[in-house]
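Subject: Handover of a structure and summary of findings

Dear colleague,

Please find below the structure that I am handing over to you. I should be grateful if you would look through it alongside the notes that come after.

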Amino acid sequence: KAFNRSANREAAVHLELALDALSHLPQTRENMEQAVDLRLVLRPVLTPLGEFVRILELARDAEPLVKALGDRRREVLIQSFISASRRADGIS
C-alpha cells in the first residue's frame with residue numbers, strides 16, 4: 001500500500017521487515033522464492049531514494065538463492081538487477 005502511495009521509505013521499511021521475518025523461517029523452496037521476490041520488489045522502491053548500494057546488496061544476497069532454486073527466470077532478473085544497479089551508481 002505504501003508503495004502505491006509513493007511512500008517509498010515506508011514501503012522499504014515494511015519490505016525489509018518482511019525479509020527479516022523470512023530469514024527466521026525454514027529455508028523451504030516457497031520461502032526462498034519469496035525472499036528473492038521481496039528483493040525484486042524492493043528495487044523500484046529503493047531506486048527513487050538513490051539507495052543503489054542497498055539494491056546491489058539485496059541482489060547479491062539473492063544470487064545464491066536463485067542458484068539453489070535453479071530458477072532461470074529469477075536468476076536473469078537478479079543478474080539484470082545487479083547490472084542496472086552497478087550502472088546507476090557507477091559501482092564496479
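The notes below go from the overall fold to the core, the pocket and one individual residue.

Please bear in mind that this is a predicted model.

Overall fold. The protein chain contains four helices and zero strands, and its pattern along the sequence is α-α-α-α. Of its 92 residues, 37% are buried. Where contacts link residues at least 6 apart in sequence, 59% of them join residues at least 24 apart.

Helix H2. This helix, which covers residues 29-46, has 18 residues and spans 26 Å between its first and last C-alpha, close to the 26 Å expected at 1.5 Å a residue. Its buried residues include Asn 31 and Arg 39 as well as Met 32, Ala 35, Val 36, Leu 38 and Leu 42. Val 45 and Leu 46 are also buried. As a general point, an α-helix has 3.6 residues a turn, so residues three or four places apart point the same way.

Nonpolar core. The largest nonpolar core has 24 residues, and those touching the most other members are Leu 19, Val 36, Leu 42, Leu 46 and Ile 78. At least two core residues come from each of H1, H2, H3 and helix H4 (72-89). The most is given by H3, with nine residues. Leaving out residues up to four places away in sequence, Ile 78 touches Val 36, Leu 40, Ala 59, Ala 62, Glu 63 and Val 66.

Largest pocket. The volume of the largest pocket is about 210 Å³. It is lined by 15 residues, of which Leu 19, Leu 22, Ser 23, Ala 35 and Arg 39 are the closest to its centre. Helix H1 (8-23), helix H2 (29-46) and helix H3 (52-69) each give two or more residues to this lining. By residue class, the lining consists of eight nonpolar, three polar and four charged residues. Two of the residues closest to the centre, Ala 35 and Arg 39, are among the buried residues of H2.

Glu 16. This residue lies in helix H1. Glu 16 counts as partly exposed because its relative accessibility is 24%, and buried means under 20%. Beyond its neighbours within four places in sequence, Glu 16 is in contact with Leu 42, Arg 54 and Leu 58. Glu 16 and Arg 39 are 23 residues apart in sequence, and their C-alpha atoms are 8.7 Å apart in space.

Yours sincerely

Conventions:
Residues are numbered from 1 along each chain as its sequence is written. This is a predicted model: local features need pLDDT of at least 70, side-chain atom pairs count only at pLDDT 80 or more; totals for chains, interfaces and linings use all residues. Side-chain values use heavy atoms; hydrogens and water are left out. On a 1 Å grid over the protein atoms alone, a cavity is a set of points where a 1.4 Å probe fits but cannot get out, and a pocket is an open set with protein on both sides within 12 Å along at least five of seven lines; lining residues have an atom within 4 Å of a point. Grid points are joined across faces, edges and corners, and a volume is the space filled by probe spheres set on the points. Ala, Val, Leu, Ile, Met, Phe, Trp, Tyr, Cys and Pro count as nonpolar, Asp, Glu, Lys and Arg as charged, and the others, Gly among them, as polar. A nonpolar core is a set of buried Ala, Val, Leu, Ile, Met, Phe, Trp, Tyr and Cys residues joined through side-chain atoms within 4.5 Å. Buried means under 20% relative accessible area, exposed over 50%, partly exposed in between (1.4 Å probe, protein chains only). Contact means heavy atoms within 4.5 Å. The expected span of a helix is 1.5 Å times one less than its number of residues.
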